Amino acid sequence: MGDSIVFNDVNFSYHSNDLSHQALKDINLKIPYHSFTAIVGKTGSGKSTLVQQINGLLKPTSGTVMVGNSIISNKTPDKKLFKLRKKVGIVFQFPEHQLFEDTVLKDVCFGPKNIGYNDNDVMTLAEKSLQVVDFPKRLYDQSPFNLSGGQMRRVAIAGVLAMNPKILILDEPTAGLDQIGKRSIMNLIYNLYCKRNLTIIMVTHQMSDVSDYADHVIVMNNGKMVKMTTPRLLFENYNLVLHNNLRMPEVVNFAYHLKQNGVSFSKIPLNIKELTTLIVNKLHR
Ligand SMILES: Nc1ncnc2c1ncn2[C@@H]1O[C@H](COP(=O)(O)OP(=O)(O)OP(=O)(O)O)[C@@H](O)[C@H]1O
């Protein structure tokens, strides 16, 4: 059985002497092994801060995070986190921030080399990972900074996969991509989830991705976890959606998915009901 992730009373402040501005407040949650968990919430609600606690990039100001048997607290020495970082890979919100070598191939080799694989294994792992993300061989010697947004995302994902993580964290993996690019990256992530037995944790503003791929969803607001639930139950609790994450494209997606999931509009307050009906009609025109 693989590792689950447990947060026990986690608080976090970027300025340890100023507890009036906590980025995370009293977080208690459990993410099961081999689940696909989406994290949603308004800008600044603490999503990125939350996921960075899982591989110890940020350590809780108080409380603990458990990943399997590994424990992360503010007392955990950095050298103890090395093993954990092999197990938990993060693809950051801006992939260009994690690419720094002068060619794609060197970039993907960096991770496995850094964690101690020998040169032959490094090359095998890097090439295999680039194949898995469907990255064209003719571009291996290109600078990663000359690539399109979608290709850069693929290289960043390959770089993390080359370290054979068990848990893959993706912070807004489709931000800034067009619809085709978004769909293709999401298909790739979902394939990895199914074929590699990974546990996936994905920060997203795309409600349709929550409904299409996730089996659990965490709603954050102002540093607190408002709810951990299933996408289905989230859709049924429209007020929860409304108060935590309302942006126009999401209303469209939610209206559409409410309809698809056969959720009764009678559960929705009248003004929202009118709005969603209007949008759904527009969608099907
Ligand atoms: N490096 C930092 N130093 C100080 N404060 C920070 C830092 N990074 C984030 N914060 C603050 O912590 C809080 C949570 O930020 P976080 O980036 O986790 O939110 P988020 O939900 O991921 O937002 P977004 O959707 O915009 O990515 C915000 O108030 C933010 O301003």
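How many nonpolar, polar and charged residues does the shell around the ligand have? I put this to the model, which is a predicted one, and noted that the shell has two nonpolar residues, seven polar ones and one charged one.

**Entry: ligand shell.** I then listed the residues that surround the ligand, and they are Tyr14, Ala23, Gly41, Thr43, Gly44, Ser45, Gly46, Lys47, Ser48 and Thr49. I also looked up which element gives the most to this shell, and I found that it is helix α1, residues 47-52, with three residues. Gly41 turned up again when I went through the strands, since its bridge partner in β9 is Met220.

**Entry: the six-stranded sheet.** I followed that bridge into its sheet, beginning with β3 (residues 36-41) and β9 (residues 216-221), which pair in the parallel sense over five bridges. The sheet is open, has six strands in the order β6-β7-β8-β3-β9-β10, and shows mixed pairing. I recorded β6 (88-91) and β10 (224-229) as its edge strands, each of which pairs on one side only. From one strand to the next the twist averages 15°.

**Entry: the four-stranded sheet.** Next I turned to the other open sheet in my notes, where four strands stand in the order β2-β1-β4-β5 and the pairing is antiparallel. Here the edge strands are β2 (24-31) and β5 (70-72), and each of them pairs on one side only. Neighbouring strands of this sheet are turned by 15° against each other on average, with direction ignored.

I looked at β1 (residues 5-12) in more detail, and on the β2 side I found five bridges joining these two antiparallel strands. Val6 stands opposite Lys30 in β2, and Phe7 stands opposite Leu29 in the β2 strand. Towards β4 (residues 62-67), β1 again pairs in the antiparallel sense over five bridges, and the bridge partner of Asn11 in β4 is Ser62.

**Entry: α3 and α4.** What angle do the axes of α3 and α4 make where they cross? I noted that helix α3 (residues 104-114) and helix α4 (residues 119-132) have axes that come within 9 Å and cross at roughly 125°. That angle makes α3 oblique to α4, and I wrote the crossing down as right-handed. From α3, the residues that meet α4 are Leu105, Val108, Cys109, Pro112 and Lys113, while α4 brings Asp121, Val122, Met123, Leu125, Ala126, Ser129 and Leu130. Sorted by class, this contact has nine nonpolar residues, one polar residue and two charged ones.

**Entry: α5 and its neighbours.** I first placed helix α5 (residues 149-161) against the six-stranded sheet, where the helix lies across β6 and β7 (167-171) and runs at about 170° to β6.

I then checked its packing with helix α6 (residues 179-195), and found an angle of about 15° with the axes 10 Å apart. That makes α5 roughly parallel to α6, and α5 passes α6 in a right-handed crossing. Gly149, Gly150 and Arg153 of α5 make the contact with Gly181, Ser184 and Ile185 of α6. By class, I count this contact of α5 with α6 as one nonpolar, four polar and one charged residues.

Terms used: Residues numbered from 1 in each chain as written. Predicted model: local features only at pLDDT ≥ 70, side-chain atom pairs only at ≥ 80, totals over all residues. Near = placed C-beta within 6 Å. Nonpolar A, V, L, I, M, F, W, Y, C, P; charged D, E, K, R; others polar. Axes fitted to C-alpha atoms, helices over the stretch in contact; angles between N-to-C directions. Parallel < 35°, antiparallel > 145°, perpendicular 65-115°, else oblique. Left-handed = near helix turned anticlockwise from the far one by under 90°. Contact = placed C-beta atoms within 7 Å. Pairing = 2+ DSSP bridges.
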